[in-house]
Amino acid sequence: LSGGVPVPEKPQELTDLGTSINRLLFQLHLQIEREKGFVSDASHELRTPLAALRGHINLIKRRGKAHPEILEQSLTAIDQESERMQNLIHQLLAMARSEHYELELVDVNMSELVRDVLRTYWKEDRNITLELNIDKDIHLNGDVGQLSQILIILVENAQKYTESGGKVIVELTKNNKEVHLTVKDTGIGIPKEHLDKIFHRFYRVHKDRSRQTGGSGLGLSIAKQLVAFNGGDISVKSEVGKGSEFKVIFKK
Ligand code: ADP
């Protein structure tokens, strides 16, 4: 070539470099699209209860004095909607924190952790039976706060999506180099076509029930992320009308 343009000595390497750069750019593009999607989903989720709050406040202003029953209903709705917003903001903050959180890996006695969490977070008022099947002295290298959070999310869901009179079974077992944590319920179940999406942010199958119980649609996406941080995997099996089973497998 004339004009002093250097001829690449190893064109193959340049082609490979080009491919890698393209791949990186594509991943970056996907990441940006995901974040854009997240911001617009989160704004939508916050706007909905906010619009409901404003609607009820307006109603109280216009008709509350003359109609005590409207006042009463609107106050109840304001109470529920503001609780929903509070839960959502709490979950969003937990998510943001977990992205910059430094894992504190220690030896955790999972058998004790599971019992402690259930003692604190199991709701007695729902008339659901809790069955525990916990092997003794199961240890895991993990982050105590995150491991607790995973169990809280799964158990709260099991209670939320199970009718009164049903049952929730929590199992902790060890198998060679794996620790299995299972939360089963005899609840309403999840149709097959939704199973692969319930771990996505804001994805809800039972929208009304999730709303009534103050759900944010973020629980399972957070649980999946925390499970991954602690070297595990989460999966679900479910049958409509029979119940669901969430299984977390930690590799020791
Ligand atoms: P939410 O705050 O709405 O409960 P999650 O991310 O925890 O959000 O769960 C996503 C959706 O998966 C829920 O809205 C619900 O439809 C479904 N789901 C989660 N756990 C169960 C369960 N144990 N039984 C039936 N459906 C469930």
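1. A quick definition before we start: two strands count as a pair if DSSP finds at least two bridges between them. Strands (E, at least two residues) and helices (H or I, at least four) are DSSP runs, numbered from the N terminus. With that in hand, look at strand 5 (residues 178-185) and strand 7 (residues 243-251), which pair in the antiparallel sense over 8 bridges. Within that pairing, Asp185 sits opposite Ser244 in strand 7.

2. Some ground rules. This is a predicted model, where local features need pLDDT of at least 70 and side-chain atom pairs count only at pLDDT 80 or more, while totals for chains, interfaces and linings use all residues. Residues are numbered from 1 along each chain as its sequence is written, and side-chain values use heavy atoms, leaving out hydrogens and water.

3. How confident is the predictor? The chain averages a pLDDT (the predictor's confidence in each residue, from 0 to 100) of 90, and 96% of the residues score at least 70. For the complex, the predictor gives an ipTM of 0.98 and a pTM of 0.80.

4. Now the whole sheet. It is open, made of 5 strands in the order 2-4-5-7-6, with mixed pairing. Strand 2 (129-134) and strand 6 (232-239) are at the edges with a single partner strand each, so one side of each has no neighbour in the sheet. From one strand to the next, the twist averages 10 degrees.

5. Follow the order from strand 2. Strand 2 and strand 4 run parallel, joined by 6 bridges, and Asn133 stands opposite Glu171 in strand 4. Strand 4 and strand 5 run antiparallel, with 8 bridges, and here Glu171 faces Thr182 in strand 5. The hairpin of these two strands has 2 residues between them, and Asn176 takes a positive phi near 50 degrees there.

6. Next, the helices. Helix 3 (residues 110-121) lies across strand 2, strand 4 (167-175), strand 5 and strand 7, at about 170 degrees to strand 2. Helix 6 (residues 219-229) lies across strand 6 and strand 7, at about 140 degrees to strand 6. Contact here means heavy atoms within 4.5 Å; axes are lines fitted to C-alpha atoms, for helices over the stretch in contact, and angles run from 0 to 180 degrees between N-to-C directions.

7. Finally, the ligand. Which residues come nearest? Of the 21 around the ligand (a heavy atom within 4 Å), they are Tyr161, His206, Ser210, Ser216 and Gly217. Asp185, from point 1, has a side-chain N or O atom 2.9 Å from a nitrogen atom of the ligand. An oxygen atom of the ligand is 2.8 Å from a polar backbone atom of Ser216. Taken alone the ligand exposes 540 Å² (Shrake-Rupley method, 1.4 Å probe), and the protein buries 99% of that.

Definitions and conventions:
A polar contact is a pair of N or O atoms within 3.5 Å; within protein, one must be able to donate a hydrogen and the other to accept it, and residues adjacent in sequence count only if both atoms are side-chain atoms.
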